[in-house]
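Please load the model in your viewer and keep the selection panel handy. We will go from stop to stop, choosing something to select each time and looking at what is there.

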Amino acid sequence: MKKNVLRITAVLGLATVLLNSCGPKENAPLVYFPDMYFPVAYDPLMKAQDAYSDHENEIPAFVKNSFATGLSPVEGSVAQNKDGIFEEGLLPRTPDEYNAGYDASKKLTVSPLNPANAEKDIERGKMLFDKTCAACHGTGGDGQGPIVQTGAFSGVPNYADREITVGSVHYVLTNGRNAMGSYAGQLNAGDRWRVAMYVMNAFKKGAAAPAAAAAPATTETTETKK
């Protein structure tokens, strides 16, 4: 009889524990690790509070920042877009958007980077091109990189034969074109412009010269006629 009573008591006790443990979190009878039981999804601008109590969280970093949970980056952190010249919302989502964007990019003949740093930007662009692009495009931009020469890949164009601008090169680096995928994951926005600047400087240097030289020539002729 005693054994039966003990068994019944044990079963009822176990059932009580199980039922309580499956109850709603708001009425949890006992929580051993509240930080894990009540996960806090911080809003960067919200006032820091413990989710399981009414007192304010006295974390020194939050107190120093007026209890806001959005803290400054750790010293030494690398900015993902320090040049501030790229918007994710502008990425094309359809073939029509892509083609329209590519056509528009050909009208961009000047990089948005600070022209005072052009020499350094082009130097860095060369370094990045040699590391990231030359395997297919070749160090001479002729489309005969080592991967192409092995026969593993073909159809890489020679820059000298292409009608490109610094804007269109940047656009293709960002969004890809034909068999070439996007390099937005390998190069940040500023560096994509630097590679584009290097491509134009090294392989298409003087491509815009005829258009630029046309104006002075016309003026000279007009003056002669006068």
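The tour below starts with the whole chain and then moves through helices, a core and a few single residues.

**Stop 1: the whole chain**

Bear in mind as you look around that this is a predicted model. Colour by secondary structure, and you should find 10 helices and 0 strands. Following the sequence, the pattern reads α-α-α-α-α-α-α-α-α-α. The protein has 226 residues, and 23% of them are buried. If you draw the contacts between residues at least 6 apart in sequence, 53% of them link residues at least 24 apart.

**Stop 2: H5 against H9**

Select helix H5, residues 118-132, together with helix H9, residues 189-203. Their axes lie 7 Å apart, and the packing angle is about 90 degrees. H5 is therefore roughly perpendicular to H9. To see the contact itself, show side chains on both helices. The H5 side includes Ala-118, Ile-122, Lys-126 and Leu-128, while the H9 side includes Asp-191, Met-197, Tyr-198 and Phe-203. Sorted by class, this contact holds 9 nonpolar, 2 polar and 5 charged residues.

**Stop 3: Arg-194**

Stay on H9 and centre the view on Arg-194, which belongs to this helix. Is Arg-194 buried or exposed? Its relative accessibility is 10%, and because the cut-off for buried is under 20%, Arg-194 counts as buried. Now add Asp-121 to the selection: the side chains of Arg-194 and Asp-121 are joined by a polar contact of 2.9 Å. Beyond four places in sequence, Arg-194 also touches Asp-83, Leu-113, Arg-124 and Gly-125.

**Stop 4: the largest nonpolar core**

Which residues touch the most other members of the largest nonpolar core? Select Phe-129, Val-169, Val-195 and Val-199, which have that role among the core's 19 residues. Two or more residues come from each of H5, helix H8 (166-175) and H9. H9 gives the most, with 8 residues. As background, nonpolar side chains tend to be buried together in soluble globular proteins.

Zoom in on Val-195 next. Leaving out residues up to four places away in sequence, Val-195 is in contact with Gly-125, Leu-128, Phe-129, Cys-133, Leu-173 and Leu-187.

**Stop 5: H4 beside H8**

Keep H8 displayed and add helix H4, residues 95-105. How do these two helices run relative to each other, in degrees? Their axes come within 8 Å and cross at roughly 150 degrees, so H4 and H8 are roughly antiparallel. On H4, pick out Glu-97, Tyr-98, Gly-101, Tyr-102 and Ser-105; on H8, the residues they meet are Gly-167, Ser-168, Tyr-171, Val-172 and Asn-175. By class, this contact has 4 nonpolar, 5 polar and 1 charged residues.

While you are here, click on Ala-104, also in H4. Ala-104 is partly exposed, at 41% relative accessibility. Draw a distance from its C-alpha atom to that of Tyr-171: the two are 67 residues apart along the chain and separated by 9.6 Å.

**Stop 6: Ile-147**

For the final stop, select Ile-147 in helix H7, residues 146-149. Ile-147 has a relative accessible area of 35% and is partly exposed. Its contacts beyond four places in sequence are with Ala-135, Cys-136, Ala-152 and Phe-153. Between Ile-147 and Cys-136, the C-alpha to C-alpha distance is 5.6 Å, with their positions 11 residues apart in sequence numbering.

Notes: Residues numbered from 1 in each chain as written. Predicted model: local features only at pLDDT ≥ 70, side-chain atom pairs only at ≥ 80, totals over all residues. Heavy atoms only, no water. Helix = DSSP H or I, 4+ residues; strand = E, 2+ residues; numbered from the N terminus. Buried < 20%, exposed > 50% of the residue type's maximum accessible area, 1.4 Å probe, protein only. Polar contact = N/O pair within 3.5 Å; in protein donor to acceptor, adjacent residues only side chain to side chain. Contact = heavy atoms within 4.5 Å. Axes fitted to C-alpha atoms, helices over the stretch in contact; angles between N-to-C directions. Parallel < 35°, antiparallel > 145°, perpendicular 65-115°, else oblique. Nonpolar A, V, L, I, M, F, W, Y, C, P; charged D, E, K, R; others polar. Core = buried A, V, L, I, M, F, W, Y, C linked by side-chain atoms within 4.5 Å.
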